[in-house]
Every structure is written in structure tokens, then in C-alpha cells.
Amino acid sequence: MKNLLTCCTVKLNICMNSIAYILIIVFIISCSSEDTNSLHLTPEETKYIQSLKKPVIAAPCPDYPPIDFTDHDGNHIGLSHDYLDEISKKLGVTFTVATIQSWADVLQAAKDRKVDIVLSIQDVPERHSYLQFTKPYVRIPNVIVVQKSNTKVNNLDDLAGMKIAAVKGYAVIDFIKKKYPSFTIETVKNETEGLMKLSFGEYDAMIISLSTVSYLVDTYGITNLRIAGTVGYDWNLCIGVRNDDPVLFSIISKALNSIPESKRRAIYQRWISLAPRPFYKEKEFWYILTVLLFGGLLVIIGIIAWNASLRRQVKIKTQQLEDELYWHKKTQEQLLLEKERLLITIQSIGDAFISTDDKGNIILSNKQADVLFNNSISLGKDVKSFVSFTESNKQNLVDPIAECISLKKPIVYYHLKCQCNNRTIDVSVASSPIEIENTIIGAVTIIRDITDMLAMQNELIKLQQFETLGILAAGIAHDFNNILTAIMGNAEIALLMLLKNTKGNDVLEIIDGIKKSVKSAQSLTGQLLTYAKGGKPIKKEGNIIQLIYDTVDFMTHGSSVKVEYIVDDNIENFDFDEHQISHVFRNIVLNAIQAMNKSGVLTVTVKKVELKHDVLQLPDGEYVMIKFSDTGKGIPQEHISKIFDPYFTTKEKGTGLGLTTSLSIIRQHGGTITVSSSDKGTEFTVYLPKIKGTVSVNETHNARVDSISAHVLILDDRQEILDVTAGMLDILGCTYDTANHSDDAINKILTAKERGKPFDCVLVDITIPGSISGVDAFAQMKKIQEKLKGIVMSGYADNSAIADYAQYGFSWYLVKPFTFDDLKQALIKATIA
């Protein structure tokens, strides 16, 4: 009975205290008065208002209910209008509301200073160049609206691949595009238009503010839409004031800030709080509750008056018990929180984590450890029973966990070979002992898979080698080609002059030898450029079978190698770079001859193949397969993966660049090279895409043309190139002029046109030091003389302007060094064909 009485007393005491607290809160609420905010303007601001001779122009957001919109009479109404009205009353300033049809036009008007303030706008950095922003006066979340039948969309991630609508110019579009650049967002003029089109299925979803969609759905009776989720980007609407009027911004900000909170709530509830008012916000509820509480309090006071002395004694004991219980509960919660935090941290580690006891048995691990060791981990299992570590360079077994426990210090291995489940991976391992009261009770170990990191390091080394050699080779080839152009041109001029005089046969032979040497040097620079930059091919339609016959027969001539051909004669001509592909075939055949010690059988197989979903990682389509099979000694398996690496060679005098260059050429053509080898021989297989699209040049037609009546301008920075090209043009019967600077050439085009003697064609070198490129110069010339023909020249055979000359507006191209016939053919293509 005593215990029951004590219990009742405690409960009554708690109830009484609770009622007292509630009464205090009710009293505070009932006694609270309206918020008051005062407006204090500086003399300068007051003078500014008095000096206003015309109304301040305000621009609302067009058709943005319930924030900004117009009623049936065309009057501006909405939440922002009520704020503008309050500001007008406080400042005594008259505002004129501008009628603008779209939000994009509102922003443009603000930029053009045609309006003074923008009523409802988001503060984003892109708008700071023309507006200053007040503090936000309302916050409205943006939501995703879809048709009710679309149940798959719950958040932004689910909108991938869908057609999304949003109002043009709204900042939320930039937010979504930055986060989801692949999304397709189409803009509409206003929210009403977007919702209607969404309702009729023209869009899959729309991004819109919650207040607007609620208002419009209720106003227009739209019943087939639902809110799928939030965007995560809320409208914090401010008033934007033109940034060239700081005084206006100051008085607008002060007036807005002075609007009391109660007035702000009233405006908000008028336009946005469409739901029924909660009962606990009604004054009648609090009046009734106060009466009931006071009545209950009087009853309770009467009941507990006789027990006051007993309550005081029980209170002391109860407080002690409550304190003990409180701190005990807090301690348990803290321990649980720390344990949970530790487990989450361990599971969040990106590397494998293992905790063991002092015997090496696992007591804790994370999911990354399960992934690394293929789910071989189980609690209580000895780590050494399923994992072993060896040093990468010494092959010695190591045990980092046992070492750190025995040495009582952290152990780190930066590169170990880890064996688990019959597979080996490269890892780094760090183990640290767990010590409590000077006793080692276990260890924690972090294991990181460094396979990808090592592979990346190897690739970086290769790229550095390519880059160094590429820069050197490209520079030498370019300068060498310029020199060779002068040699070739002068030799041909001399040859043509001697032919006319029909004398000096010995000199003719010498000059012909010079031409052959220049051709060989040109082939060498072509190979150098191919390796230096990948050698973008200059494709022409050709006969691949005839090229194979010519190249293989030439390379095997003088050896004891027997060649057997298995050729599909139905292979049509297609596009490829004859010089580059011949270079590839020469490299492969030469390797085969050397592998067979100049005697054996080389089988060349040529056929069409159709590749679909191929393991070669080539696009689907028709290819020509060229297979070279020799009967040599084969390539050791440990070398197979390295034969295409630059500088790798097993020959005493080899450079290690032949197969690397060959693979680069074939990849530039859209194909690939595969290799297989055994002790019975080696097979190299080349795959070339069978693409036809280049129109071949009519050589027969060109041969019949002896002279060309054309007015030609030559643009090149080197005088020797200008001289030799001018000499060739002179023999062809052309009139010409020269320029060594792009500006000079452009001026000559303009002058010739003004004089009524325009140029028919212009020869331009791509690289003009100290000036714009020849390609850019030709583009400007075409603006002056639209029908001007152009021929592009360069010592870089792999330049995109050479390979894709037509895309730059040129009629043909010349690769330095070029011959008299090359120039003649180019001029025919440009001026006659």
C-alpha cells in the first residue's frame, strides 16, 4: 500500500509539473503581440525618394501563379504583389508594373535597364552583372510532376532518357544540366503551357514550383498529374534591383526587411497555404484548452494538497533514481553510437580491411575484403589458410600480420604479390598492432589492389616515349621536306630545259638520279611522320591485291622464300593509303624472311570477312583480311605481348619501331593487327575496313594537257619554295605572283579583284610563321573572292587539311616535295576538272 501511494504521488507530481509548463507556454502565446519592425532611412535615401519624378518600374514573373499573375481584368496579383504593396506603403513610392510576355524577356529587360526591379527572382551568380538581390522573402521547393500513369519516376535519377519541360530562363535548368548533363530539357513559355502539354502527353515530366503546380491543378481542374518527388533545388525568391542604382537597392531592402513576420505569414497563407488550417493554430482551441487545464489544475491541487509533505520526500529519492537511469541510458546510447560509427567507417573504407586476434584469426572484415578475396573470408578463419604474400622482386614469402605483432610496430609493404583462390594480384599491405594495457591483442590490416595503378604507370612511360620521339621526328620531317621541295623543283626545271634543247644526256641521267634520291628521301620522311604522329592516311581508291603482289614479290626477290597466295579475286577496289599500307606489308614480310633465315614458305591469304560483335573491338562491317603465315622459328610467348611496343626488339641491329609504326598505320585506317605464334611459325593478320568513297584522278586526261592558262598566287614562307614553284608555273604557261606572308597574300587577292584581274587559283602552305595559317588565310580570301580555287601544300603529310582538303574548301593538295606532274595534276583538278 505504501509503494502504491508513493507511485501515485510521483505520477501526480509529474502531471502537475507538465501542466504548469503548458500553462506558461499558453500564457506566453496569448500575451505575444504583433511583430514590429521599424524602417529607418538615411537622409540620402529620404532625399532620393522625394526626388523621384516617375514611378519605379517593377517586372513580375509572367504567368507564375500564385506568386505572379494577372486577374481577368489584367491586374497584377499574387504573393509578390502583396509584398510590393507593403513596400509601397512603407516608402510612399509609386510602382508601375511592366507587362512582359516571358521570363526570358524579363531578364533581357533587366539587362537593358528597361525595368528597375524584378519582383520574384532567384539569386544566381550569372545575374550579378546587372542585378543586386535582397534577402529571400519566400522559399518554395521545386518538384517533379508526371502523369499518374507514370509510376516509375520518384526522383531526378529516374528521368534519364525522358522528355522534360521547364520554363525558359529559370535557374533550375542550369542546376539540373550541371548535375545531369545527358538530360533532355525543353523550355516552355510559362508554367501553364508546360502543365497542359504534360497533361496531354507531349512531355514525360515537368520541373515546376510546388506552389504553382498546386494552384494551376486546382484552377484548371487537371486530374491526371501527380507530384513524383522534389528536385533538391528550392526557389529562394528575392527582389532583384538594378545594380547601377545602389540607393534604390538600399531602400527596397530596408522596406522589405521591415515587413513584420506576422504580415509575411498572412501573405504566405493567403496565396500558398491552400490546405485547411490545423486545429491547433485556431485561437478557440487554445481558449478551450486553457479553460480545461485551469479546471484540471484546480482538481489536481485539491487532490494532492493533503499529500504535499509525502511528495517532497519521494521527490528526492525519485530524482536520484532518474539521474542514475538517465546517465546509464546515455552511456549505453553513446556506446551503441560509437560501435555503429566504427562499423560504418570500416565498411566505407575503399580498401580491404581485416582485423585479427594475436593468432592471426579474423574477427572483423569489410565488404571490400570479400570482393578482393572472392568471398573466401569467414570469421575465426586464419588469414594464412587462404592468402599468401610474396615480395614482388624476390619471391620470398612474408607475413605482415605476424611481423607487426611480433615486432610490436606497424609494418608496410608497398608492393607484394598476393595469392588467393588460384589467382595472383598486385597489392600494397599495411599492418598495425592493437595494444591494450601494454598487451598486443591483435592487428588491423589494410590491403590495397594496385594492379590498375601499376598498369597506369606502365602506360604513362610508353606515352612519354611516344611523345619524345614524335616531337623530334615531326620537326625533322617538316624541315627535310621543305629542303627536298627546292631540290626536286630545281632538278625538274633543269630537266625540262635540257629536254627542250635535246642536249646533255649525261646530265639528264644525273638529274634523273637526283629525282630518284629525292623520292627515296620523301618515302623516309613519310615513315618518320607516320611514327611521329600516327600518320593520318591520305586515302585513295586502290587495288589491295595488286599492292600485295608487288610488295611481297619485291621483298622476297633474291631470297629462297617460297610464296604461296590464297587470294579472293572478287575483292573490289576500296580506299586506303597505298604508301602507308605498303610500308606495313614490307615490315611484316621482312620479319617473316628474317624469322625463316631467308628460306621457307610464306603463305599470304586475302579474303573478305564480315565482323559482328567481334572480340577485336572493331565496328561491325565488311573488312579485308590479309594473313601472312611463315614457317619460321616463331616468337617466344613472353615476347608476344611486347612486339608492338616502341623500342622492343630481339634483333642486334633492330630499332624496335617497325611493328609499332605498322600498328599505328592500320589503326589510323580503322583496322587492327593480330599475331599468333608457335614453334612451327608465326601468323600476322591485318584487318582493313572495306570502305569506298574517294574519286580517283583521271591521269589520262591530265597527260593530254600541255599548258594551263591560269593566274596563280603562291603563298609560302620560304623563298626557295616560291622560286621553284614559280618556275614550274612558268613552264606550264601560267601567270603568277608570290607572297611570303598571309596578310600580303590577302591584300593581293583584294587588289587583283579590284583591278578586274582576279586570280584563278591560290597555292597556300599550311604553316606561315609569324602570321595566320594558310588555311585561315584561304578562308579570308574566299570571303573576298567566293569562286577562288585553292590548293593546300604542306611538308606534314598527316595534316588534317591535307587528308580532308575538301572540308576546308580546297580543290586538291600537294605534299612536299612535289613533282612537276603533281603540280600540273593539282592545277587541272582546281581549274579545269
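Trainee: Hi! How many aromatic pairs does the structure hold?
Mentor: This is a predicted model, and it holds 18 aromatic pairs. One of them is formed by Tyr 83 and Tyr 137, with 4.7 Å centre to centre and 45 degrees between the planes, so the pair is tilted.

Trainee: Where do Tyr 83 and Tyr 137 lie?
Mentor: Tyr 83 is in helix H3 (residues 79-91), while Tyr 137 is in the loop between strand E6 (131-133) and strand E7 (138-147). The pair therefore ties together parts that are 54 residues apart in sequence.

Trainee: Are they buried or exposed?
Mentor: Tyr 83 and Tyr 137 are both buried.

Trainee: OK, what about Tyr 170 and Trp 235?
Mentor: They form an edge-to-face pair, 5.4 Å centre to centre with 85 degrees between the planes. Tyr 170 sits in the loop between strand E8 (163-167) and helix H5 (171-179), and Trp 235 sits in strand E11 (residues 225-242), so parts 65 residues apart in sequence are tied together. Tyr 170 is buried at 9% relative accessible area, and Trp 235 is buried at 5%.

Trainee: Which residues form one aromatic cluster with those two?
Mentor: Tyr 64, Trp 103, Phe 175 and Tyr 233 join Tyr 170 and Trp 235 in one aromatic cluster.

Trainee: New topic: how many disulfides are there?
Mentor: The count is zero.

Trainee: Why is there no bond from Cys 418 to Cys 420?
Mentor: Because the sulfur of Cys 418 is 6.1 Å from the one in Cys 420, its closest cysteine sulfur, and that is too far for a bond. Cys 418 is buried, with a relative accessible area of 0%.

Trainee: And what about Cys 761?
Mentor: Its closest cysteine sulfur, in Cys 734, is 8.7 Å from its own sulfur, again too far for a bond. Cys 761 counts as buried, at 0% relative accessibility.

Terms used: Residues are numbered from 1 along each chain as its sequence is written. This is a predicted model: local features need pLDDT of at least 70, side-chain atom pairs count only at pLDDT 80 or more; totals for chains, interfaces and linings use all residues. Side-chain values use heavy atoms; hydrogens and water are left out. Rings of Phe, Tyr and Trp (its six-membered ring) pair if their centres lie within 6.5 Å; planes under 30 degrees apart count as stacked, over 60 as edge-to-face and the rest as tilted. Helices (H or I, at least four residues) and strands (E, at least two) are DSSP runs, numbered from the N terminus. Buried means under 20% relative accessible area, exposed over 50%, partly exposed in between (1.4 Å probe, protein chains only). A disulfide is a pair of cysteine sulfur atoms within 2.5 Å.
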